[in-house]
Amino acid sequence: MAEGNWTRVSEFILMSFSSFPTEIQSLLFLTFLFIYLVTLLGNSLIILVTLADPMLHSPMYFFLRNLSFLEVGFNLVIVPKMLGTLIAQDTTISFLGCATQMYFFFFFGVSECFLLATMAYDRYVAICSPLHYPVIMNPRTRAKLAAVSWFPGIPVATVQTTWLFSFPFCGINKVNHFFCDSPPVLRLVCADTARFEIYAIIGTILVVMIPCLLILCSYTRIAAAILKIPSAKGKHKAFSTCSSHLLVVSLFYVSSSLTYFRPKSNNSPESKKVLSLSYTIVTPMLNPIIYSLRNNEVKNALGRTFRKAMGVRNCFL
């Protein structure tokens with residue numbers, strides 16, 4: 001880090017929701033704690049049920065399990081520290097801790113973008129080539145697709161985090177956010193960041209647009225295939241296998257796009273915090289609920305798993 005007239009920054013202060021009264025912060029803590037516990041429970045149940053129930057060993061639920069892993073990781077990176085700032089007023093985060101939080105935020109966020117695209121491709125194969133689906137989406141292929149979905153997060157997170165934290169920081173170390181996101185940390189840099197900002201914009205557009213285009217292509221083909229199905233019942237059944245994924249995709253992309261692609265004039269720090277809550281906290285909680293409530297196979301599997309667990313418990317009593 002550069003010396004001279006700059007003060008070496010060894011830690012940052014997360015402003016979080018410090019502008020709110022103490023009573024409001026206490027209410028936010030209870031709300032976010034509830035959402036956090038529901039998120040961990042819901043996604044953990046999805047992981048356990050899709051592993052334990054043989055009926056859910058299809059590629060669709062393999063990718064759903066990967067999505068739940070991502071959501072749990074996403075929450076563990078951001079929420080515990082945010083809860084600490086609300087209840088214990090522990091607003092400081094070390095320089096390394098901030099860099100680590102940012103790295104894993106980028107890693108899980110980018111990986112989720114590509115995993116959602118992979119899940120769309122899985123639905124495309126299932127509906128457009130149902131007879132060849134088991135052959136195309138064999139265990140080896142789906143493992144490769146999952147690895148390809150997770151991999152882009154590594155170079156994106158490594159380059160962006162390493163580059164950003166190689167800049168010199170002034171004495172001001174207050175991050176006006178509830179976690180170490182790139183834009184509020186970048187404002188504390190005491191150097192020309194034009195090249196980094198261009199890279200960040202291009203990288204964000206590519207990370208969002210490439211998976212988004214793949215999803216659009218998949219669902220365009222899916223829609224064409226569904227329209228060719230003669231019976232209304234067949235059309236409804238085909239669409240129902242995609243509705244949960246479409247809803248999850250819409251929630252994730254709409255909230256993240258509103259956060260990062262709005263004009264700066266309309267993008268106040270407080271409004272960005274609220275929008276960031278939607279895709280960092282609310283969406284990970286809703287995903288398992290959406291897949292559970294809108295999918296009879298998952299609901300039935302949850303019932304079977306619960307009955308088995310109760311049966312095992314009764315054997316020991």
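Disulfides, helix H2 and two side chains in a predicted model

Me: In this predicted model, is Cys 98 buried or exposed, and what is its relative accessible area?
Reply: Cys 98 falls under the 20% limit that is used for burial. The residue is therefore classed as buried, and its relative accessible area is 0%.

Me: Which cysteine is the disulfide partner of Cys 98?
Reply: The cut-off for a disulfide is a pair of cysteine sulfur atoms within 2.5 Å, and the sulfur of Cys 98 has such a partner at 2.0 Å. Cys 98 belongs to helix H3 (residues 95-128), while the other cysteine sits in the loop between strand E3 (174-175) and helix H7 (182-186), so the link ties together parts that are 82 residues apart in sequence. The partner, which also counts as buried at 0% relative accessibility, is Cys 180.

Me: What is the handedness of the link of Cys 98 and Cys 180?
Reply: The angle about the S-S bond of this pair is -120°. With that value, the link of Cys 98 and Cys 180 is left-handed.

Me: What is the S to S distance in the disulfide that joins Cys 170 to Cys 190?
Reply: Cys 170 is placed in the loop between H6 and E3, and Cys 190 in the loop between H7 and helix H8 (194-227), so this pair ties together parts that are 20 residues apart in sequence. Cys 170 counts as partly exposed at 24% relative accessibility, whereas Cys 190 is buried at 14%. The S to S distance of the pair is 1.2 Å.

Me: What is the pairing when the bonded cysteines are numbered in sequence order?
Reply: The count of disulfides comes to 2, one being Cys 98 with Cys 180 and another Cys 170 with Cys 190. Numbered in sequence order, the pairing of the bonded cysteines is 1-3, 2-4.

Me: Which cysteine has the sulfur closest to that of Cys 217, and why is there no bond?
Reply: Cys 217 is exposed, with a relative accessible area of 51%. A disulfide needs sulfur atoms within 2.5 Å, and the closest cysteine sulfur is 9.8 Å from that of Cys 217, which is too far for a bond. The cysteine that carries this closest sulfur is Cys 212.

Me: How far apart are the end C-alpha atoms of helix H2?
Reply: Helix H2 has 29 residues (residues 59-87), which at 1.5 Å a residue should span 42 Å. The distance in the model agrees with this expectation, the end C-alpha atoms being 42 Å apart.

Me: Where in H2 does a kink lie?
Reply: H2 is largely enclosed by the rest of the structure, because 25 of its 29 residues are buried. The kink amounts to about 35° and comes shortly before the proline Pro 80, at Leu 76.

Me: Which residue offers the backbone oxygen that lies 2.6 Å from a polar atom of the side chain of Lys 81?
Reply: Lys 81 is part of helix H2, and its contacts, leaving aside residues up to four places away in sequence, include Leu 14, Asp 90 and Gln 101. The backbone oxygen at 2.6 Å from its side chain belongs to Thr 92.

Me: Which backbone oxygen does the side chain of Thr 161 reach at 2.8 Å?
Reply: Thr 161 is found in helix H6 (residues 153-164), and at 6% relative accessibility it counts as buried. Not counting residues up to four places away in sequence, Thr 161 touches Ala 99, Met 102, Tyr 103 and Phe 106. The backbone oxygen that its side chain reaches at 2.8 Å is that of Ala 157.

Definitions and conventions
Residues numbered from 1 in each chain as written. Predicted model: local features only at pLDDT ≥ 70, side-chain atom pairs only at ≥ 80, totals over all residues. Heavy atoms only, no water. Helix = DSSP H or I, 4+ residues; strand = E, 2+ residues; numbered from the N terminus. Expected span 1.5 Å × (residues − 1). Bend = angle between axes of the 7 residues up to and from the residue. Buried < 20%, exposed > 50% of the residue type's maximum accessible area, 1.4 Å probe, protein only. Polar contact = N/O pair within 3.5 Å; in protein donor to acceptor, adjacent residues only side chain to side chain. Contact = heavy atoms within 4.5 Å.
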